[in-house]
Amino acid sequence: MVGTVYKTRRGCAVAIWADEIRALLTLAGPLVATQLAQIAMMTTDVVMLGRLGKEALAGSALGLTIFYFAWQIGMGPAVAVSPMIAQILGKNPRDTAAVRAVVRMGFWAVLLVCLPLCLVLFWTEPLLLFFAQQPGLAQAAGRFVLPLCLGLPLSLGYQVLRNFATALSRPKAPLWVMAAAIPMNALFDYALIFGHFGFPRLGLIGSGIASTCSFGFSFLAMTAVVLIAPEFRRFRVFRRLHRPHMGTFTELVRLGIPIGLTMVFETMLFNAATLLMGTFGTAAVAAHQIAMNVSTLTFMVPLGVGMAATVRVGLAAGAGDRKGVRRAGYAALGLSAAFMSLCALAIVLLHGTIARLYFSAGSAANADAVALASTLLLVVAAYQVFDGLQVTTALVLRGLKDTRMPMWIAAVSYWLFGFPTSFGLSVWAGMRGLGVWLGLAFALFLAATSLSGRFYLLSRDRQER
């Protein structure tokens, strides 16, 4: 396992690059697995709620739209913990006091940001009614989200500790905690949704309570790991938890708010695309969901590589090693591009087969959805490399504590160019669902090229400027 001490190797350039790639892969593997475990938890909720009927499933989907909007904003300060600690350790691996201050202020930041965000969750039903959603579904969504007001700070608290562990190049601990949370979440769902083991049958609200219980389990389990495991215990992150460190707090907020908004800009783009697809009928929405599912699965690998790159770039930046920064960044971009190229090739070769996997064999009623999904998957294949590069580069820049400019790049790429292109091609040019996805591909292309150019400029050697 890669240690928390930043080391450089002298000698053969090939060996130096091989060391960097090995370090990235060692760190990225558990991070990818953790992301997939989170998807598994969400899938468990969907399967359980599906047994209650389409109304419950639709209500939870609407509620999750509001919840994840709040969660992503709150995630900003939690995610900022990782690059800040990485740079501290790159500069001085023995500076436990500074690391402890970052974790402590990370808890402060997420708790403070949760106060207004929980008010947003509390008003889920009127918010959905304001956006002209069906009253019955809005009411169901409100019931589902209400228990998540307590779950939000617990989830974000786990993320603070997860990013602390990641910055120490110890990503397996959060993975094991998340892996244990999957069966716990299924058990909570089974008991509280359907009324087993002596619990009342709570239906949709039971699912919200179950999610909150799972968040609580993850936070408490990760807390126990941090208190017990020697590699974490030496930092004593819960010591003097009440004591403020305003410089660290200010930096966390300064870095974290743009990170949260960047995630919101991208999520809102795809949510808006879903609403736009809804205007073209049921087959269009079904095809859209298939393309989204495939795209999300492939996205997890460059996301994990990018998270690893945040740490590796942060360590190099803290040590003042500009060549190390470039090496870590370009190694991450190369790995992401290579993986997504393979994914693109597989999707091109199997796009029709993939589309048919989501429907019953030989169902003529779904032929239009299969045909459109097959076409959309070709667009997904076309933007795979750009999707991988945009997320990896954004996370590489995060290792340099560069978060404000990536936020503006995301806003411009996705909303000044991306969504208007989707709308124009689908509505004005009459391309319907295909036009929506061509606009998404264009947005990801712009984001990838702009962010990559940003990293090139920031990481240049002084003599190149």
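Here is a walk through a few helix contacts and charged pairs in this structure. Keep in mind that the model is predicted.

Let's start with helix H1, which covers residues 13–50, and helix H11, which covers residues 282–318. Their axes come within 7 Å and cross at roughly 130°. That angle makes H1 oblique to H11, and the crossing is right-handed. If you want to find the contact yourself, look on the H1 side for residues including Leu24, Leu27, Leu31 and Ile39. On the H11 side, the partners include Met300, Leu303, Met307 and Val311. Glu20 in H1 and Arg312 in H11 also belong to this contact. Sorted by class, the contact of H1 with H11 has 16 nonpolar, 3 polar and 2 charged residues.

Now move along the chain to helix H12 (residues 322–357) and helix H13 (residues 367–399). Here the axes are 8 Å apart and the angle is about 170°. Angles over 145 degrees count as roughly antiparallel, so that is how H12 and H13 run relative to each other. Their contact divides into 19 nonpolar, 10 polar and 2 charged residues.

Next up are the charged pairs. Side chains of opposite charge can pair when their charged atoms come close. This structure holds 5 salt bridges. One of them brings us back to H1, where Asp19 pairs with Arg22, with the closest N and O atoms 2.8 Å apart. Both residues lie in H1, 3 residues apart, which is about one turn of the helix. Asp19 is partly exposed at 24% relative accessibility, and Arg22 is partly exposed too, at 49%.

Helix H10 (residues 246–278) holds Glu251 and Arg254, again 3 residues apart and about one turn of the helix. In their salt bridge, the closest N and O atoms are 3.8 Å apart. Arg254 has a relative accessible area of 42%, so it counts as partly exposed. There is a bit more to this spot: Glu251, Arg254 and Lys401 are linked in a network of salt bridges.

What about Arg454 and Asp402? Their side chains meet in a salt bridge, at 2.9 Å from N to O. This pair links distant parts of the chain, 52 residues apart: Arg454 sits in helix H15, and Asp402 in the loop between H13 and helix H14. Arg454 is partly exposed, with a relative accessible area of 24%, whereas Asp402 is buried at 10%.

Finally, stay in H15, which spans residues 432–459, and find Leu458. With a relative accessible area of 29%, Leu458 is partly exposed.

Methods: Residues numbered from 1 in each chain as written. Predicted model: local features only at pLDDT ≥ 70, side-chain atom pairs only at ≥ 80, totals over all residues. Heavy atoms only, no water. Axes fitted to C-alpha atoms, helices over the stretch in contact; angles between N-to-C directions. Helix = DSSP H or I, 4+ residues; strand = E, 2+ residues; numbered from the N terminus. Parallel < 35°, antiparallel > 145°, perpendicular 65-115°, else oblique. Left-handed = near helix turned anticlockwise from the far one by under 90°. Contact = heavy atoms within 4.5 Å. Nonpolar A, V, L, I, M, F, W, Y, C, P; charged D, E, K, R; others polar. Buried < 20%, exposed > 50% of the residue type's maximum accessible area, 1.4 Å probe, protein only. Salt bridge = Lys/Arg side-chain N within 4 Å of Asp/Glu carboxyl O.
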